[in-house]
Amino acid sequence: MTPSAPSSARIRIGSAPDSWGVWFPDDPQQVPWQRFLDEVAEAGYEWIELGPYGYLPTDPARLADETRRRGLTVSAGTVFTGLHHGPDVWDRTWAHVADIAELTRAMGAEHLVVIPSFWRDDKTGEVLEDRTLTPAQWRDLTAQTERLGREVRERYGLRIVVHPHADTHIDSEENVNRFLDATDPSLVSLCLDTGHYAYCGGDSVKLIETYGERIGYLHLKQVDPEILAAVVADEVPFGPAVARGVMCEPPGGVPALEPVLDAARALDVDLFAIVEQDMYPCAPDKPLPIARRTREFLRSCGTPGTPRTAG
């Protein structure tokens, strides 16, 4: 056994409804949830995220039964927030968070992925607000995110991990650094999405090496650099960019995932690394072959996992 083997085992690989083209609780262009669960297990993954609340069953007993019989375990739930709008949106935010946090806890997960609200609509491209926050909005964003971290921890025993995301205010290296520097590490950790960070010009390995103590969760994703260059040049919104194929199957894009995983292993902490290849919308037969190839590729990068047989 090589010396890196114990640390390698700390990276727990999973996937998410996103990799099956699922962005919404209900959409005719998405595969049924039963098919997602069947295929994610068939592809060799053992961990999944809940995805958009309402896509998977929200009854904890039913969802536990559906996941257990497929050998799947939930790693996290996901919430969307607009906390830079300040205390006035807290009640509305908490109403959205509470049900998801309750289900996440009931499924035995410990993380809640927090995605900031978009400054332009990810489906239509409509500009919703200024893409640059004012100093006051930055103060509201950091203060309210710390409040969310405290409340989620105290009420549900969960840890929030904030997800930098294209077309949001936490996106580039500058904004991610500013956000981390202004928030309490005991309350706020980061979900580093390698694809979104590259989409916005960031270096995932550098971020891990610089802010390693703040990395609480990973999303593994790559971007096609040629498509990205055109997207940036044409100022294409994120949703239409995904439809162009900007998020691509590894190892065909950037960043290279092996150095990212090596940097994550060097932290010597338990981390989930959840595969997310944005593909909304996509043909229903497209995700499974990609998921199988991606899982095999990640095994070649030293991540644990035993291939499954179909059936």
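Where in the chain is Pro251 found? Pro251 sits in the loop that runs between strand E9 (247–248) and helix H11 (257–266). The model described here is predicted.

## Unusual backbone positions

Most residues other than glycine have a negative phi, and most peptide bonds are trans. Several places in this chain depart from that pattern.

The loop that holds Pro251 also contains a cis peptide bond, which joins Pro250 and Pro251 with an omega of about 10°. A cis peptide bond also joins Tyr280 and Pro281, where omega is about -15°. Pro281 belongs to the loop between strand E10 (271–275) and helix H12 (287–300).

Phi is positive at Glu235, about 55°, although this residue is not a glycine. Glu235 is placed in the loop between helix H9 (225–234) and helix H10 (238–243). Is Glu235 buried or exposed? Glu235 is exposed, and its relative accessible area is 62%.

Asp268, a residue other than glycine, has a positive phi near 55°. The loop between H11 and E10 contains Asp268. With a relative accessibility of 45%, Asp268 counts as partly exposed.

## The annotated domain

According to an unreviewed UniProt entry, residues 37–301 carry the annotation "domain: Xylose isomerase-like TIM barrel". Over residues 37–301, helix makes up 44% of the chain and strand makes up 16%. The end C-alpha atoms of this stretch are 25 Å apart.

## Nonpolar cores

The largest nonpolar core has 70 residues, and Phe36, Leu56 and Leu207 touch the most other members. Helix H4 (residues 90–106) provides the largest share of this core, 7 residues.

Which residues does Leu207 touch, leaving aside those up to four places away in sequence? On that count, Leu207 touches Val176, Asn177, Leu180, Leu190, Leu192, Tyr197, Gly212 and Ile215.

Another core, of 14 residues, lies apart from the largest one. Among its members are Ala166, Ala241, Val242 and Met247.

## Pockets

Rolling a probe the size of a water molecule over the atoms shows where empty space is left. The largest pocket holds about 480 Å³ of space. Its lining consists of 25 residues, and Trp23, Phe80, Ile115, Asp122 and His165 lie nearest the centre of the pocket. Strand E3 (73–81) and strand E4 (111–116) are the elements that give two or more residues to this lining. By type, the lining of the largest pocket has 12 nonpolar, 7 polar and 6 charged residues.

The second largest pocket has a volume of about 270 Å³. Its lining is made of 14 residues, with Arg120, Arg131, Asp167, Tyr199 and Val232 closest to its centre. This lining divides into 7 nonpolar, 2 polar and 5 charged residues.

## Cavities

How many cavities of 30 Å³ or more does a search of the whole structure find? The search finds 3.

The largest cavity contains about 90 Å³ of space. Of its 15 lining residues, Thr81, Pro116, Leu141, Thr145 and Ile170 are closest to the centre. The elements that give two or more residues to this lining are E4 and helix H5 (135–156). E4 contributes the largest share, 3 residues. E4 is also one of the elements that give two or more residues to the lining of the largest pocket.

The second largest cavity has a volume of about 60 Å³. Its lining includes Ser15, Ser19, Trp20, Tyr45, Pro250 and Val275. Helix H12 supplies the largest share of this lining, 4 residues. Pro250, one of the lining residues, is also a partner in the cis peptide bond with Pro251.

The table sets out the linings of the two cavities by residue type.

| Cavity | Nonpolar | Polar | Charged |
|---|---|---|---|
| Largest cavity | 9 residues | 6 residues | no residues |
| Second largest cavity | 8 residues | 4 residues | no residues |

Charged residues are absent from the lining of the largest cavity and from the lining of the second largest cavity. The linings of the pockets do include charged residues, with 6 in the largest pocket and 5 in the second largest pocket.

Conventions. Residues are numbered from 1 along each chain as its sequence is written. This is a predicted model: local features need pLDDT of at least 70, side-chain atom pairs count only at pLDDT 80 or more; totals for chains, interfaces and linings use all residues. Side-chain values use heavy atoms; hydrogens and water are left out. On a 1 Å grid over the protein atoms alone, a cavity is a set of points where a 1.4 Å probe fits but cannot get out, and a pocket is an open set with protein on both sides within 12 Å along at least five of seven lines; lining residues have an atom within 4 Å of a point. Grid points are joined across faces, edges and corners, and a volume is the space filled by probe spheres set on the points. Ala, Val, Leu, Ile, Met, Phe, Trp, Tyr, Cys and Pro count as nonpolar, Asp, Glu, Lys and Arg as charged, and the others, Gly among them, as polar. Buried means under 20% relative accessible area, exposed over 50%, partly exposed in between (1.4 Å probe, protein chains only). UniProt positions are given in the numbering used here, feature names are shortened, and annotations may be inferred rather than shown by experiment. A nonpolar core is a set of buried Ala, Val, Leu, Ile, Met, Phe, Trp, Tyr and Cys residues joined through side-chain atoms within 4.5 Å. Contact means heavy atoms within 4.5 Å.
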